[in-house]
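The exercises below ask for a careful reading of how helices are covered and how they pack. Please work through each task with the model open before turning to its solution.

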Amino acid sequence: MFDQTDTYHHHTARNAPPVMEMKGVNLWYDDIHALKDVSFDLYPQEILAFIGPSGCGKSTALKCLNRMHDDTPGVRITGTIRMDGTDIQGRDIDPPVHRRRFGWVAQKPNPFPLSIYENVAYGARIHGLVKAGRAMDAHVQDCLERAHLWDEVKEELHSKEGTDLSGGQQQRLCIARALGTKPDVLLMDEPTGSIDPIATQKIEDLMTELRQDHSVVIVTHSMMQARRIADRVAYFHLGALVEIGPTEMVFEHPKDPRVASFIAGKFG
């Protein structure tokens, strides 16, 4: 088992305790052993990228963090996952309240078939986080500004549906919606996998800004993207987390030959 403690020297977070700790996590889908003894920490103000071939456990690991597997039939999980030191599987944890601490952004933009305003206000309203009226107006504007979408949509907040926007705009709307519940952690499952290069650059710039206030975990198939935006990368292979460390170190001096082969494009 590798030691990740001596390889992480992120300038903002190195002295802070981790936001999340995953230790010895195994996950089965019925008889399929999808995660094998996975351990890693997530720190404040960092972008952690999960890389590796398709079907190696990246998205499965991502969904463990906000308990998205709870309703999946046949799933069994062992090991511990802690958030701010508390076991997220503990009996006193209310799963919906736990999930509210996370923003989720999927690969394919999936705005609600509601107005732009309602897309962003929805989460804050159902969780009772922001009062209706001026407070909600200000909250919606703030989330859209942080997602770099406000100037493009401010005249159409109530007249245009989220589904009427372009692909890149839809994804930024989904990020604004994710920010709407005031999350601690943003989970992004290939958030640029289905949008064009210009929209991708906007999302990458946005992620870099958002890490000032959030921890970000991103699953990406793009090695270049991981290298551009991630503070650390975690390489998954056949359900195991094989190597984790600062991005440049893993790319320039990988310790595991499987990581070197994958980065060199020899498989995956």
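**Exercise 1.** In this predicted model, determine what covers the buried residues of H3.

*Solution.* Begin by listing the residues concerned, which are Ile116, Tyr117, Asn119, Val120, Ala121, Gly123 and Ala124. Then look for their contacts with other elements: the cover of these buried residues includes H4, H5 and H6. Continuing along the chain, just after H3, one finds that Gly128 takes a positive phi of about 65°.

**Exercise 2.** Establish how many residues of H6 are buried, and against which elements they pack.

*Solution.* Helix H6 runs over residues 167-179, and its 13 residues reach 19 Å from the first C-alpha to the last, close to the 18 Å expected at 1.5 Å a residue. With buried taken as under 20% relative accessible area, twelve of the 13 residues qualify, and H6 is thus mostly covered; among them are Gly168, Arg172, Cys174 and Arg177. The buried residues of H6 pack against the strands S6 (102-105) and S7 (185-189), and against the helices H3 (116-126), H4 (134-146), H5 (150-153) and H7 (197-210).

**Exercise 3.** Classify the packing of H4 and H6 by angle and by handedness, and identify the residues that make the contact.

*Solution.* The two helices, H4 and H6, pack at an angle of about 130°, with their axes 8 Å apart, and they are therefore oblique to each other. Their crossing is right-handed. On the H4 side the contact is made by His139, Cys143, Leu144 and Arg146, and on the H6 side by Leu173, Ala176 and Leu179. Sorted by class, the contact of H4 with H6 comprises five nonpolar, one polar and one charged residues.

Terms used:
Residues numbered from 1 in each chain as written. Predicted model: local features only at pLDDT ≥ 70, side-chain atom pairs only at ≥ 80, totals over all residues. Heavy atoms only, no water. Helix = DSSP H or I, 4+ residues; strand = E, 2+ residues; numbered from the N terminus. Expected span 1.5 Å × (residues − 1). Buried < 20%, exposed > 50% of the residue type's maximum accessible area, 1.4 Å probe, protein only. Contact = heavy atoms within 4.5 Å. Axes fitted to C-alpha atoms, helices over the stretch in contact; angles between N-to-C directions. Parallel < 35°, antiparallel > 145°, perpendicular 65-115°, else oblique. Left-handed = near helix turned anticlockwise from the far one by under 90°. Nonpolar A, V, L, I, M, F, W, Y, C, P; charged D, E, K, R; others polar.
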